[in-house]
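Here are a few exercises to work through with the model open in your viewer. Try each task on your own before reading the solution.

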Amino acid sequence: MNLRLASILALAMVAGGARAADLVTITATKKTVDQIKGTEQDLPRGKSRATEKYILYRFDLQGASTKPLSDISVEWMILVEGAGGNVFPGTMGQKAVDLPFGQKVTLETATVKLLGREWHGGPVPGTVEDTIAGYGVRVIAPDGTVLAEKYDPASAKMRVDWKLLQTPAKALNRLGRGMMQSPGMQNTQPMPVGEGEMAPPGGM
């Protein structure tokens, strides 16, 4: 009987340890802040215009423990897939917060700019644009223990490199918009494909 009781207690302890990441519940909400469409440009076949969309994420943290959590660190990274198929961090950040018992803490990311281009009136109308590839967010205790983490989709966990948070500005400059070579909203003249212009859907 004593052996059986000991086994039950051991299993309970293992189960409790496996659910340590449930000490904080994370809820994520994506919000479109603004959308901009540039001036139409006349092309040899149809018209084209650049687009911009601004997205941010709001993360709500709710403590699942009966004790308040103090000086915890929240880290996040939003991934963008460029029109060319490359995936890079659109924004990232971290913040130290206190999570009182029974209360909710809300954090918002910086905005992510998604570039695109529309074509119409030509043989291959359509839109090519950046998209959100996913996000990762995690909550870390002062001793480095991960109290909670959330990835959407689940495969984003393989793409999120938390070490980039050590030098976020350099990471965004190196991995971000420069790889996409999309025209900016200030462009007023048509730009030939191959000199910074996005190719229309289906190619030329």
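**Exercise 1. Work out the strand order of the open four-stranded sheet, then say which strands stand at its edges.**

Keep in mind that this is a predicted model.

Step 1. Trace the sheet from one side to the other: the order is β5-β4-β9-β10, and the pairing is antiparallel.

Step 2. Look for strands with a single partner. These are β5 (87–99) and β10 (146–152), so each has one side left without a neighbour in the sheet.

Step 3. Check how the strands lie against each other. Ignoring direction, neighbours in this sheet are turned by 10° on average.

Step 4. Zoom in on one pair. β4, which covers residues 69–81, runs antiparallel to β5 with 11 bridges between them. For a landmark, find Val 74, which sits opposite Lys 95 of β5.

**Exercise 2. Give the overall make-up of the protein: how many helices and strands are there, and in what order do the elements run?**

Step 1. Count the elements: you should get two helices and 10 strands.

Step 2. Read them off from the N terminus. The pattern is α-β-β-β-β-β-β-β-β-β-β-α, with a helix at the start and another at the end.

Step 3. Add the bulk numbers. The protein has 204 residues, and 36% of them are buried. Its accessible surface is about 11800 Å², with 53% of that belonging to carbon and sulfur atoms.

Step 4. Ask how far along the chain the contacts reach. Taking contacts between residues at least 6 apart in sequence, 67% join residues at least 24 apart.

**Exercise 3. Find Thr 32 and decide whether it is buried, partly exposed or exposed.**

Step 1. Place the residue: Thr 32 belongs to strand β1, residues 24–37.

Step 2. Apply the cut-offs. Buried means under 20% relative accessible area and exposed means over 50%. Thr 32 comes out at 41%, so it counts as partly exposed.

Step 3. List what Thr 32 touches, skipping residues up to four places away in sequence: Lys 53, Tyr 54 and Ile 55.

Step 4. Take Tyr 54 from that list. Thr 32 and Tyr 54 are 22 residues apart in sequence, yet their C-alpha atoms are 6.0 Å apart.

**Exercise 4. Take three of the salt bridges in the structure and sort their residues by how covered they are.**

A reminder before you start: side chains of opposite charge can pair when their charged atoms come close.

Step 1. Note the total, which is seven salt bridges.

Step 2. Start with Glu 75 and Arg 138, whose closest N and O atoms are 2.8 Å apart. This pair links distant parts of the chain, with Glu 75 in β4 and Arg 138 in β9 (residues 131–140), 63 residues apart. Glu 75 has a relative accessible area of 10%, so it is buried. Arg 138 is buried as well, at 18%.

Step 3. Move to Arg 58 and Asp 60, where the closest N and O atoms are 3.9 Å apart. Here Arg 58 is partly exposed at 34%, whereas Asp 60 is buried at 11%.

Step 4. Finish with Lys 163 and Asp 161, which meet at 3.3 Å, N to O. Lys 163 is exposed at 58%, and Asp 161 is partly exposed at 29%.

**Exercise 5. Describe the surroundings of strand β7: which strands does it pair with, and how many of its residues are buried?**

Step 1. Check the cover. β7 spans residues 112–120, and seven of its nine residues are buried.

Step 2. Find a partner strand: β3, residues 46–63, pairs with β7 in the antiparallel sense over nine bridges.

Step 3. Look at one position in that pairing, where Arg 49 stands opposite Glu 118 in β7. These two residues also belong to a salt-bridge network together with Lys 37.

Step 4. Now turn to β8, residues 126–129. Its pairing with β7 is antiparallel too, over four bridges, and Arg 117 has Val 128 in β8 as its bridge partner.

Step 5. Close with the turn. The β7–β8 hairpin has five residues between the strands, and Gly 121 takes a positive phi near 80° there.

Key
Residues are numbered from 1 along each chain as its sequence is written. This is a predicted model: local features need pLDDT of at least 70, side-chain atom pairs count only at pLDDT 80 or more; totals for chains, interfaces and linings use all residues. Side-chain values use heavy atoms; hydrogens and water are left out. Two strands pair if DSSP finds at least two bridges between them. Axes are lines fitted to C-alpha atoms, for helices over the stretch in contact, and angles run from 0 to 180 degrees between N-to-C directions. Buried means under 20% relative accessible area, exposed over 50%, partly exposed in between (1.4 Å probe, protein chains only). Contact means heavy atoms within 4.5 Å. Accessible areas come from the Shrake-Rupley method with a 1.4 Å probe; for residues, only the protein chains shown count as cover. A salt bridge is a side-chain nitrogen of Lys or Arg within 4 Å of a carboxyl oxygen of Asp or Glu.
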